[in-house]
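Please look over the structure shown below before reading on. The note after it is meant for a colleague who has not met this structure before.

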Amino acid sequence: MRRTLVRALSAAVLTLATLNTPIAHADGDAPVEVTVNARAALATVPETGLGANHAIWDANLGTNDTADLLKNAGMKLLRYPGGSYSDIYHWADHTAPGGYVAPGTDFDTFMSGVRRTGAQAMVTANYGTGTAAEAAAWVRQANIVRKYGVKYWEIGNENYGNGHYGTAWEADEHADKSPAEYARHVVAYADAMKAVDPTIKIGAVLTTPANWPDAIVAEGDSGSWNEVVLATAGSKIDFVVLHWYPGALDRAGHVPDMIQLTHEQIARHAGPGSDRIGIAMTEFNTGSSSNGSNTQPGALAAADAYATLLAAGVFTVDWWNVHNGIGAVTEVEGHTDYGDFGLLSSAACTSDGSVCEPALNTPFAPYHALRMMSRFARPGDRFIRAATDQAVTDQPEGTAHAASDQPEVTAHAVRRPNGDLAVLLINASSTTSHPVAIDYAGFTPAAGAPTVLTHTNGATSITTTTTGTATSQTLPPLSLTTVLLRPATPPTGLPATPGKPSATAVTDTTATITWPASRPGIKYEVHRQNGAVTEQLGETTGTTLTVRNLKPGTRYTVNVIARNAAGAQSEPSPPLTFTTGTPATSSCSVRLTIQTDWASGYVAALDLTNHGAPVSGWTLTFDWPRPWQRLNSGWSGVWTQTGAQVKVVNEPGNGTLPTGATTTIGYVGDYTGPNVLPKIFTLNGETCTLH
């Protein structure tokens, strides 16, 4: 029996090429340019980065064959007892009333498999039909009696799906199903569980930005699910839990905003010290069996999403599921796709017996993608910026992202602690073999052919060759390629890496960057990331620098690099991301108020105030920050959209704005990805202060 996924999946799909089309070679065309910048550091690969979900309805959960396959794939975290079953599962008697519990799936058996795999455990305590006392007893059994040392404990699973927002799939016996009630219980669970073992980490369920029911405020609530849960339970939790089933294979571009918006919610609502709260993606799958959930397109999407999520600082990404079961059977890119969301075959058949999956535990394509991820990005490595054709990823909040000239090719990169570098290249083209030219900043590769790992469409393993050069490779269609590189000169005598910087006194055009002190005689440089290109914003011999000439309403990511008297440069510091504001004073101001939001669109009111000379006739403009946003309609003005820009011109009755006068206008905005609100509004060409 497999868990039923109740999702509002995106209608966007990856266009599949006609089967048996001859492979085209792009060798006669200019190669795709890839830039890898070792000076632009992102997150460090966590020990728990690669994970997967186990479920108590899977009779193969505890077998040695399953554990050995997961170990071979580099799985470092396994989650139990299985999605929505978590809210009906009682660990003490190993029952799940209303569900199916397979033999050989009890907690001790699960932990035996975890240990054989060489992973850590993530346990989801029963919120829906359980109690804080039951959860605390589980912690006692796990860590005091059995001494398993289970560190990560979630409180419930997708508890916003309890019917409070109109759709119900999650068990919840509480009379009050509001986020406030869930948050109160999170506090009680955390207190009870940490009284048993103060070293454990407690996670609370949040909604994922732009995924239902994110941003919806139900009747009687003081805010959205995330706002209420964080405000009440923020001081008691150590991490938050997101789930993501994007429903399409090209959604990794949503990840940086998704995670940034989650960080902003935590900082805004969870109270002092909230920067300690991590983010876990405890369920992820491409979410679209029609596009190849267990064939090569799904594998490419899996590798892209895992790399992007981990580079953004998520401490675990956990595939749904190890075994899942057969679904709708289709042909995808020349291979049978069983509609199975698992990593490994369940050997299941359709109800009429006409189609059966391959032998039990046969790896599906996403398994090989995660195995490639474990060889590409190892715990302790640092993600660094990589981009194709200088695709820009850090843009002003009011400007749409620039797209790559070759969207079929995607690049990721990591720097190893010993100075080695690995580049992951993804070719999503069904028919074209793309040559790539790789340029490096802050890294000089050794001469000679590098080691290259490749997984292609339909392959049952990853091949290892010594081919091409550090700067030139050819990517087969529908392939994952990892290039392993050594530096031309071993990195010795480098200054210590600066600690994580922080930003204070952020205005519309300036910010003060501070980082931990180091030894004397060091000069520090502050570098801004702009796609895979960095620009130096300034340097100092101290540990504080005020950077100037910044753009209003712009998200900046910076690293600090130390340089000694001999000119040797350190590795870059951990990244710092901050957003500049709008002018403190201006001839106009705008107050944006969200009146209602339904997780794919919202109604906003704009209070426009004139602080300058009287105005007779006005035009207000702003740009959508992201390409997945658009204007639906507007009122109290004539609204139009051209490209990313939205323009509203006064109506005859509200065109005159005396000094100090305010007029209110409004619009309906639609979005299909994380909803980054516009920050830069101009009135007759003058940038307004945003309140």
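The points below deal with helix packing and with nonpolar cores.

1. This is a predicted model, in which local features need pLDDT of at least 70 and side-chain atom pairs count only at pLDDT 80 or more, while totals for chains, interfaces and linings use all residues. Residues are numbered from 1 along each chain as its sequence is written, and side-chain values use heavy atoms, with hydrogens and water left out.

2. Helix α3 (residues 132-145) packs with α4 at an angle of about 25 degrees, their axes being 8 Å apart. That makes α3 roughly parallel to α4 (a word used for angles under 35 degrees). In the contact (heavy atoms within 4.5 Å), Ala132, Ala135, Ala136, Val139, Arg140 and Ile144 of α3 meet Ala188, Tyr189, Ala192, Met193 and Val196 of α4. These residues divide into 10 nonpolar, no polar and one charged.

3. The axes of α4 (residues 179-196) and α5 (residues 225-233) come within 8 Å and cross at roughly 30 degrees, which makes α4 roughly parallel to α5 as well. From α4, residues including Pro179, Tyr182 and Val186 take part in the contact, and from α5, residues including Trp225 and Val228. The residues of this contact divide into 10 nonpolar, one polar and one charged.

4. The largest nonpolar core (buried nonpolar residues, under 20% relative accessible area, joined through side-chain atoms within 4.5 Å) has 132 residues, and Met193 and Trp153 are among those with the most contacts inside it. Its largest share, 10 residues, comes from helix α7 (residues 296-311). Apart from this core lies another, of 20 residues, among them Ala413 and Leu421.

Terms used: Axes fitted to C-alpha atoms, helices over the stretch in contact; angles between N-to-C directions. Helix = DSSP H or I, 4+ residues; strand = E, 2+ residues; numbered from the N terminus. Parallel < 35°, antiparallel > 145°, perpendicular 65-115°, else oblique. Nonpolar A, V, L, I, M, F, W, Y, C, P; charged D, E, K, R; others polar. Buried < 20%, exposed > 50% of the residue type's maximum accessible area, 1.4 Å probe, protein only.
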